[in-house]
Amino acid sequence: MDQKKSILVAEDNDFVRMQLVRFLEEAGYQVAEAREAAEALGVLKVQPFDAVVLDVRMEPMDGFELIKNMETLNLAIPIILVTGDTNPDMLGEASRWHVSAILMKPVQKDRLLQMVSRAISHKVSPP
């Protein structure tokens, strides 16, 4: 990587968040982290990112609420969702909000890096 790409990781589970951050930093990304969606939204308002790795199930604001807020702010940043939820409704919701990729927990390092790289290289603004 010539210029370090910046990634925001928003995950309420400390262990999962630390693992995601470690995987991304080891691959050469500059990583910021947030423990909840509201914190992530605050960071997104003041700092540009190349992609967001986002947990779906967080409290009090969940991942989809964060995505809706990002759209309201015209933040066209690729989003990679991480979840343990296989509910078809969740998959439909992800499609509706133009999510770049969905990764199932536990997240595999190679798959995470592949999806982040792909999302950044194919960055497309939502309609």
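Here a colleague and a modeller talk through the sheet and the salt bridges of a predicted model.

Colleague: Let's start with the sheet. What is the order of its strands, and how do they pair?

Modeller: It is an open sheet of 5 strands in the order E2-E1-E3-E4-E5, with parallel pairing. Neighbouring strands are turned by 20° against each other on average, direction ignored.

Colleague: What makes E2 and E5 the edges?

Modeller: Each of them has a single partner strand, so one side of E2 and one side of E5 are left without a neighbour in the sheet.

Colleague: How do you know that E1 and E2 pair?

Modeller: Pairing asks for at least two bridges between the strands. Strand E1 (residues 6-10) and E2 share 5 bridges in the parallel sense, so they count as a pair by that cut-off. If you would like one place to look, Leu8 has Ala32 in E2 as its bridge partner.

Colleague: Which helix joins E1 and E2 in a β-α-β unit?

Modeller: That is H1, and the unit E1, H1 and E2 is right-handed.

Colleague: And which strands does H5 lie across?

Modeller: H5 lies across E1, E3, E4 and E5, running at about 170° to E5. Helix H3 (residues 63-72) lies across E3 and strand E4 (79-83), at about 150° to E3.

Colleague: Now to the charges. Why is the contact between Glu33 and Arg17 called a salt bridge?

Modeller: The cut-off is a nitrogen of Lys or Arg within 4 Å of a carboxyl oxygen of Asp or Glu. For Glu33 and Arg17 the N to O distance is 2.9 Å, so the pair qualifies. The two residues sit in distant parts of the chain, 16 residues apart: Glu33 in strand E2 (residues 30-34) and Arg17 in helix H1 (residues 14-26).

Colleague: Why is Arg17 called buried or exposed, and what about Glu33?

Modeller: Buried means under 20% relative accessible area. Arg17 has 2%, so Arg17 counts as buried. Glu33, at 37%, counts as partly exposed, because that class runs between 20% and 50%.

Colleague: How do you know that Arg22 and Glu26 form a salt bridge?

Modeller: Their side chains meet at 3.8 Å, N to O, and the limit is 4 Å, so this pair passes as well. Both residues lie in helix H1, 4 residues apart, which is about one turn of the helix. Arg22 is partly exposed at 41%, and Glu26 is partly exposed at 48%.

Colleague: What makes Lys105 and Asp55 a link between distant parts of the chain?

Modeller: Their closest N and O atoms are 3.2 Å apart in a salt bridge. Lys105 is in the loop between strand E5 (101-104) and helix H5 (109-121), while Asp55 is in strand E3 (residues 51-55), 50 residues apart. Lys105 is partly exposed at 30%, whereas Asp55 is buried at 2%. Salt bridges with shared partners join Glu11, Asp55 and Lys105 into one network.

Colleague: How many salt bridges are found in the whole structure?

Modeller: The search finds 9, and the pairs we discussed are among them, including Glu33 with Arg17.

Definitions and conventions: Residues are numbered from 1 along each chain as its sequence is written. This is a predicted model: local features need pLDDT of at least 70, side-chain atom pairs count only at pLDDT 80 or more; totals for chains, interfaces and linings use all residues. Side-chain values use heavy atoms; hydrogens and water are left out. Buried means under 20% relative accessible area, exposed over 50%, partly exposed in between (1.4 Å probe, protein chains only). Axes are lines fitted to C-alpha atoms, for helices over the stretch in contact, and angles run from 0 to 180 degrees between N-to-C directions. Contact means heavy atoms within 4.5 Å. A crossover is right-handed if, with the strands pointing away from the viewer, the path from the first strand over the helix to the second runs clockwise.
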